[in-house]
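Q: Please take a close look at a single part of this chain and describe its surroundings in one connected account.

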Amino acid sequence: MRKSYENSHITPGMMLSVIEEFDAGKNTYVDEGDVRSSVIGGSTIDFSDRTLNVKQKNPPMIPKIGDIVVGYIDMLFGNMISVRILYINEKFSKSGFSAIASTRMFYSGGNYNSNWRERSFKGKYIFKVGDIIRGKVYSLLNSSIHLTLDDKDLGIVYTICFSCGNEFTKVPGGLKCNSCGNFEDRKVSIDYGKESFTSLYDKQFLNL
Ligand SMILES: [Zn+2]
């Protein structure tokens, strides 16, 4: 008896019961005596007050201000980069959101007062398509996700040498290629090169 009213695949408008049996509880409505769901979710019966409730399923994770995201740079335009988001607060995101960030960080909040900020004014730091970066959401203005990279744990977490395709080592002020010695002046995160990031670099080409 009870089981037939408990369904984990409820869609909006689905008839769940009739009011003679159960009252309309959370996320439900009554239409001509039928109790129907107003959301996607799963139904439960509360026998103490004979109500039928629907627990809403989690909507897709949408980045919020303050969230930390990790993704790869899929486009460069002017002083902006576009970042395809792969992780939101360390949870994998399949939703395919893109965020934007300025390669000049002077307008962002943050209290990271290193000379990175001053140097960025000169436009010396570079970003390249494919760089794996970590950013923090600071604005959702105009339906765009705006990231700042302006903190010591933000910035590039992995990339490869543009000249020869080999691994970089983090050095003061940027990255140095282990193989050809190429130095690039980059905004690098404090934990650059962790193994979890190196595997992401390869995955970005696999059409996640
Ligand atoms: Zn190299």
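The account that follows concerns strand S11 and its setting.

Q: Where does strand S11 (residues 132-139) lie with respect to burial, and which strands pair with S11?

A: This is a predicted model, in which local features need pLDDT of at least 70 and side-chain atom pairs count only at pLDDT 80 or more, while totals for chains, interfaces and linings use all residues. Residues are numbered from 1 along each chain as its sequence is written.

The protein chain has two helices and 16 strands; these elements are DSSP runs numbered from the N terminus, helices being H or I of at least four residues and strands E of at least two. Buried residues account for 27% of the 208 residues in the protein chain. A residue is buried if 20 or more other C-beta atoms lie within 10 Å of its own, exposed if 12 or fewer, and partly exposed in between, with C-beta atoms placed from the backbone. Among contacts in the protein chain between residues at least 6 apart in sequence, 50% join residues at least 24 apart; a contact requires C-beta atoms, placed from the backbone, within 7 Å.

In strand S11, six of the eight residues are buried, so S11 is largely enclosed by the rest of the structure. Its pairings involve three strands, named in turn below, where pairing requires that DSSP finds at least two bridges between two strands. With strand S7 (residues 68-77), S11 pairs in the antiparallel sense over five bridges, and Gly71 stands opposite Ile133 of S11. With strand S13 (residues 155-158), the antiparallel pairing of S11 extends over three bridges; here Arg134 has Gly155 as its bridge partner in S13. Strand S12 (residues 145-148) also runs antiparallel to S11, joined to it by three bridges, and Lys136 stands opposite Thr148 in S12. The hairpin of S11 and S12 has five residues between the strands, and Asn142 in this hairpin takes a positive phi near 55°.

S11 also contributes to the largest nonpolar core. Such a core is a set of buried Ala, Val, Leu, Ile, Met, Phe, Trp, Tyr and Cys residues joined through C-beta atoms within 7 Å. Of its 24 residues, Val69, Val83, Ala99, Ile132, Ile133 and Leu147 touch the most other members. Two or more residues each come from S7, strand S8 (80-88), strand S10 (98-102), S11, S12 and S13. Setting aside residues up to four places away in sequence, Val69 touches Pro63, Ile85, Tyr87, Ile88, Ala99, Gly135, Val137 and Leu147. A second, separate core of six residues includes Leu16, Phe22, Ala24 and Val35.

Val35 also appears in a pairing: it is the bridge partner, in strand S4, of Ser17. S1 and S4 (residues 34-37) pair in the antiparallel sense over three bridges. They belong to an open sheet of three strands with the order S1-S4-S3 and antiparallel pairing. Strand S1 (15-18) and strand S3 (28-31) stand at the edges with a single partner strand each, so one side of each is left without a neighbour in the sheet.

Returning to S11, Ile132 is 9.1 Å from Gln204, C-alpha to C-alpha, although the two are 72 residues apart in sequence. Gln204 lies in the segment after helix H2 (195-203). Because Gln204 has 18 C-beta neighbours inside 10 Å, it counts as partly exposed. Not counting residues up to four places away in sequence, Gln204 touches Tyr72 and Gly130.

Technical notes
Two residues are in contact if their C-beta atoms, placed from the backbone, lie within 7 Å.
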